[in-house]
Amino acid sequence: MLLTHFSPKTSLSSFSPLRPLFASCTRPLKSRFCPTFLLNLQSCHLRRPSFACHVGTKSDVSMDSDVPSPEVAASVDSVTQDLQNQSLGMDGGDGKNSIRGKLKLEDLNWDHSFVRELPGDQRSDTIPRQVMHACYTEVSPSAEVENPQLVAWSESVAELLDLDPKEFERPDFPLIFSGASPLVGVRSYAQNYGGHQFGFWAGQLGDGRAITLGEILKSKSERWELQLKGAGKTPYSRFADGLAVLRSSIREFLCSEAIHNLGIPTTRALCLVTTGTYVTRDMFYDGNPKEEPGAIVCRVAQSFIRFGSYQLHASRGKEDLQIVRALADYAIRHHFPHIENMSKSDSLSFSTGNEEHSVVGLTSNKYAAWIVEVAERTASLVARWQGVGFTHGVLNTDNMSILGLTIDYGPFGFLDAFDPSYTPNTTDLPGRRYCFANQPDIGLWNIAQFASTLQAAELINDKEANYAMERYGNKFMDEYQATMTKKLGLPKYSKELISKLLNNMAVDKVDYTNFFRLLSNIKVDPSIPEDELLHPLKAVLLDIGKERKEAWINWVKSYVQELAAGGCSDEQRKASMDSVNPKYVLRNYLCQSAIDAAEQGDFSEVRRLLKLMERPYDDQPGMEKYAGLPPAWACRPGVCMLSCSS
């Protein structure tokens, strides 16, 4: 059975606030799976359909305006808060906080709920093949290792796992985390999943080089999966070798931690080791492969389940639809326990129109409540990416986490010169499907494919799927507007002011990170002469002519008027803005500098960047050069545009 696209009855237009800036630079997101509400690419705001919401009552709440009812937002958003409190908490199960201990590797409490509770492959070989009726294949790490070395490790992830820092000094540590020396208690496997790649169904994909060791259980509500990326072949490797090179591994290790420290949900990275062997890669796909140092990253997340984990089984016909249900039950049971335990007293229902019997209660269908939660977490994630100028690069459905985490760091990039059509992925040219400004629409498109999968398994109906779409749109716009309001230090959201700013930034190719950081230096002082208004921004407004200078002066005047209406002091506003506008982000050229040194055996720059990115919002004396504009050499091939080869 081939997955059909999901086309909700409610018409939703493209809502990327950046769309008007680059409407002509990219093709529409059309494919046989594309939902109809993504085909109108000219509108910059989501049209929010009317619906009524019932929260433990029979009275209707009108939703005819663009502003969501506080009752609606609070009711559904509470699901998100519950998830954070229950799934990410440090509760020991008895309501008391657990006491953090310092554990040795041998003391880790391994659990294997994924392989214990879900159907697995009957075979354990790594011969590339279609793995049927199974969520995973049990395989062991097999990367060739010769004198592996520990490159770097994350102190905060070690603390998260209660791991004693002294464990990283063990002589056998690199052997263990390269997979050469197995840990007692692990039961390793590769996950089976499919996905849409660049808008088209790709069939089975799976963990082609990532091998999960198992789950570390800390309490009834907290488990962490450890996964070795680049650890060798699996049945899902297809024609690849299952290995990873130092270049891509450094990027994944550093960005996982950098994104976390920016306050954005992400998979984490415990450590990075070299294998001591070489891997052949054709970095530019130009027929000139070369030998590169091999490496392995130990990734950490509460779960690595993706949208594609469900899609694959739904695509394989009626027999595998029960696996979709089993996998959904597993996810809700272990990662969304508040949904499993939701009672009728928590009644949350909604209406999608004026039809009879159109009111549906989320409490009567846990899968409907679940997809609403997934949609909201995804929308929040994308809005946060937009806030810091991060572009994922490969937002295929197999790279979408059900927990709303940033996952699978292949090609990625932070905006330097502001360009809404920026994509860090050479494979994404010239269509730029996954460019910066397209990300909100792509998140919605991917949610639509996920909804289609749950519909195929008869877990949700059309009305529930439509509601998840609506919640995605509402959540994204609410979070994006709140983020931009905070970034500018405004008393309230101003669509006109922000639209003009983004247009100015696009015209003059202004550095995204540095502009917002410097913007906090603007003073609300009517005595400042007009020709001095731009002085706080002179480091980023480079080589602008008279006409553009006037455009910027006019914008700053409007901006200052908005600030004056808020009544906040310059000092208070600066402190608030600096807390949400990072000074340091992991620019591609910084990664490349660390990679160049590491490939020569010098890992100091990797460690320095790791330390720097722990406090991206703080002024760090002596580190100012890492906040500077990219040097001229940073636009050489392989630095300003990264390929998928890794």
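A residue is called buried when its relative accessible area is under 20%, exposed when that area is over 50%, and partly exposed in between (1.4 Å probe, protein chains only). The structure described here is a predicted model, in which local features need pLDDT of at least 70 and side-chain atom pairs count only at pLDDT 80 or more, while totals for chains, interfaces and linings use all residues. Residues are numbered from 1 along each chain as its sequence is written, and side-chain values use heavy atoms, with hydrogens and water left out.

An overview of the protein comes first. Buried residues account for 59% of its 646 residues. Its 17 helices and 15 strands are DSSP runs numbered from the N terminus (helices H or I, at least four residues; strands E, at least two). Contact, here meaning heavy atoms within 4.5 Å, often links distant parts of the chain: of the contacts between residues at least 6 apart in sequence, 75% join residues at least 24 apart. The predictor's confidence in each residue is given by pLDDT, on a scale from 0 to 100. Its mean over the protein is 85, with 80% of the residues at 70 or more. In two stretches pLDDT stays under 50: residues 1-13, with 56 contacts beyond four places in sequence, and residues 640-644, with 25 such contacts.

A closer look can begin with Leu228, which lies in strand β9 (residues 222-229). Leu228 counts as buried because its relative accessibility is 0%. Beyond its neighbours within four places in sequence, Leu228 is in contact with twelve residues listed by the model, among them Pro141, Ile176, Phe177, Arg209, Ile211, Ile296 and Cys298. The C-alpha atoms of Leu228 and Val300 are 9.1 Å apart, although 72 residues separate the two along the chain.

The helices offer a second view of the packing. Two packed helices are described by the angle between their axes and the distance between the axes. The axes used here are lines fitted to C-alpha atoms, for helices over the stretch in contact, and angles run from 0 to 180 degrees between N-to-C directions. Helix α9 (residues 366-388) and helix α11 (residues 462-488) have axes that come within 8 Å and cross at roughly 30°. That angle makes α9 roughly parallel to α11, on a scale where angles under 35 degrees count as roughly parallel, over 145 as roughly antiparallel, 65 to 115 as roughly perpendicular and the rest as oblique. By class, their contact holds twelve nonpolar, five polar and seven charged residues (Ala, Val, Leu, Ile, Met, Phe, Trp, Tyr, Cys and Pro count as nonpolar, Asp, Glu, Lys and Arg as charged, and the others, Gly among them, as polar). Ser380, found in α9, is buried, with a relative accessible area of 9%. Not counting residues up to four places away in sequence, Ser380 touches Lys475 and Glu479.

Helix α9 also meets helix α10 (residues 439-456), with axes that come within 10 Å and cross at roughly 165°. The two helices are therefore roughly antiparallel to each other. Residues making this contact include Trp370, Val374 and Trp385 of α9 and Pro440, Ile447 and Phe450 of α10. The contact of α9 with α10 divides into eleven nonpolar, four polar and no charged residues.

Helix α13 (residues 512-519) is mostly covered, with seven of its eight residues buried. Those buried residues, including Tyr512, Phe515 and Leu519, pack against α9, α11, α12 (495-508), α14 (546-566) and α15 (570-578).
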